[in-house]
Amino acid sequence: MTELNWETLAQKPGLVLRRSGRFLVTDLLTPHDVLSTSVRNGGYIQGARYLLNHQSCEGAAHHARHGLMIEAGLERYHDEVCTEVSLPAEATVVMGTAASMNYAALVATDDDGVEVMAVVTAGVEGNATCAGDPATWRETEAGIQKVPAYDGTINTILLISAPLTASALARVVVTMTEGKSAALARLSIPSRQSMDLATGTGTDQYCIAAPAGGPRRLTSASTHVKLGELIGVAVRNATLEALRWQNGLEASYTRGVFHALGRYGLRENTFFDDIAGLLNDADLELLRKNSKSVLFEPLVGAAAYAIAAVLDRVRYGTLPAAVARDAIVQQAAMLATSLAGSPDRWPEFRSALHASTLHRRPSPFGPGNLGEAKDVVLAAIALGWREKWRSR
């Protein structure tokens, strides 16, 4: 077995955080209350001495590694992973992911002598979901098919310096989850299962640790109290940082039209085929060579996000489907004028785009067929691009 060389990432009273290659370990040097999703030693325990997060596989097509986990069974795999890093399996809680431990993000917050440190690895490219999305697995009396770890996993180690009551420790899970979901909302991460924005992934895991004893125990981790604020900020910011490194999801990079409207069918891999019939060969070739400056133009992105918001509100019933066509065309006209650099031509562009939808019956923007809005967006991009360089 290869000897591991450990790097200390953080040292706090009662704990040490260290990393080596595929492994990230928190040594609990004093007794802690621990709540976790670990297959073995999961739930609430008092005897845990180690919190282990590790890269269990690559993000895609790592069939041999998936087969190893399935063949061994997750409880036995727990023991094997602990053996790899010379940790006692009975005193260790384990999380697995396809994300790199080198991209782990550490964020610490503090108030009045209480510190919260979040240590997050995160990826959302393959597995992001919204709570309530259609599920892929079912657990029955016959069991459940094992789910391998994907590159879509958000793993959170949350270390709290103050003792908590049992109810407060349970409440930490709610606040921590809301912090993670807040990070995904800031980046407008789409679900891979529906048109909704993601609230997490289907394989998210966590370990929460707080000292087992002390002069007093904090009784609430609600977002109304400072401890809840510390947890929310630490988890949100650590999740954002982890996604920035693992998936390149820096906030400004999400301004493009594909990120805004990918949920509604506007996809980078089909874009030029989809728009080809709306542009002559010269305009299409020029667009190909300048696509990033067009599709990441900030005012174009703003209009794309406005269109996505309208489509969401129609689906959710906030806006009636009867006004959807007009609402989408209005925002699409704004997109076209922004691309053309001609805001004064909004009425002209609105009329042109509205006319291009009138031949469709029934309305392409009905609740069951919102993806047809893609055609109007493509028409708006083509119109704005043609008119940008047309002499007038």
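**Note on two sheets, a helix pair and two cores**

1. One open sheet has five strands in the order β1-β2-β3-β6-β7, with mixed pairing. Strands (E, at least two residues) and helices (H or I, at least four residues) are DSSP runs numbered from the N terminus, and two strands pair if DSSP finds at least two bridges between them. β1 (7–12) and β7 (92–97) are the edges; each has a single partner strand, so one side of each lacks a neighbour in the sheet.

2. The model is predicted: local features need pLDDT of at least 70 and side-chain atom pairs count only at pLDDT 80 or more, while totals for chains, interfaces and linings use all residues. Residues are numbered from 1 along each chain as its sequence is written, and side-chain values use heavy atoms, with hydrogens and water left out.

3. Within the five-stranded sheet, strand β6 (residues 50–55) runs parallel to β7 and is joined to β7 by six bridges. Asn53 has Met95 of β7 as its bridge partner. Helix α2 (residues 74–84) packs on this sheet and touches β3 (23–28), β6 and β7; contact means heavy atoms within 4.5 Å. The direction of α2 makes about 95° with that of β7. Axes are lines fitted to C-alpha atoms, for helices over the stretch in contact, and angles run from 0 to 180 degrees between N-to-C directions.

4. An open sheet of six strands follows the order β5-β4-β13-β11-β9-β8, and its pairing is mixed. β5 (43–45) and β8 (105–111) are its edge strands, each pairing on one side only. Strands β9 (residues 114–124) and β11 (residues 152–160) run antiparallel and are joined by nine bridges; Met117 stands opposite Leu159 in β11. Helix α4 (residues 226–247) lies across β8, β9 and β11, at about 30° to β9.

5. The axes of helices α9 (residues 298–316) and α10 (residues 324–340) come within 8 Å and cross at roughly 170°. That makes the two roughly antiparallel, a label given to angles over 145 degrees. The contact includes Leu299 and Ile307 of α9, and Ile328 and Leu335 of α10.

6. The largest nonpolar core has 44 residues, of which Leu261, Phe271 and Ile275 touch the most other members. A nonpolar core is a set of buried Ala, Val, Leu, Ile, Met, Phe, Trp, Tyr and Cys residues joined through side-chain atoms within 4.5 Å; buried means under 20% relative accessible area (1.4 Å probe, protein chains only). A second, separate core of 40 residues includes Leu184 and Ala210.

Definitions and conventions. Parallel < 35°, antiparallel > 145°, perpendicular 65-115°, else oblique. Buried < 20%, exposed > 50% of the residue type's maximum accessible area, 1.4 Å probe, protein only.
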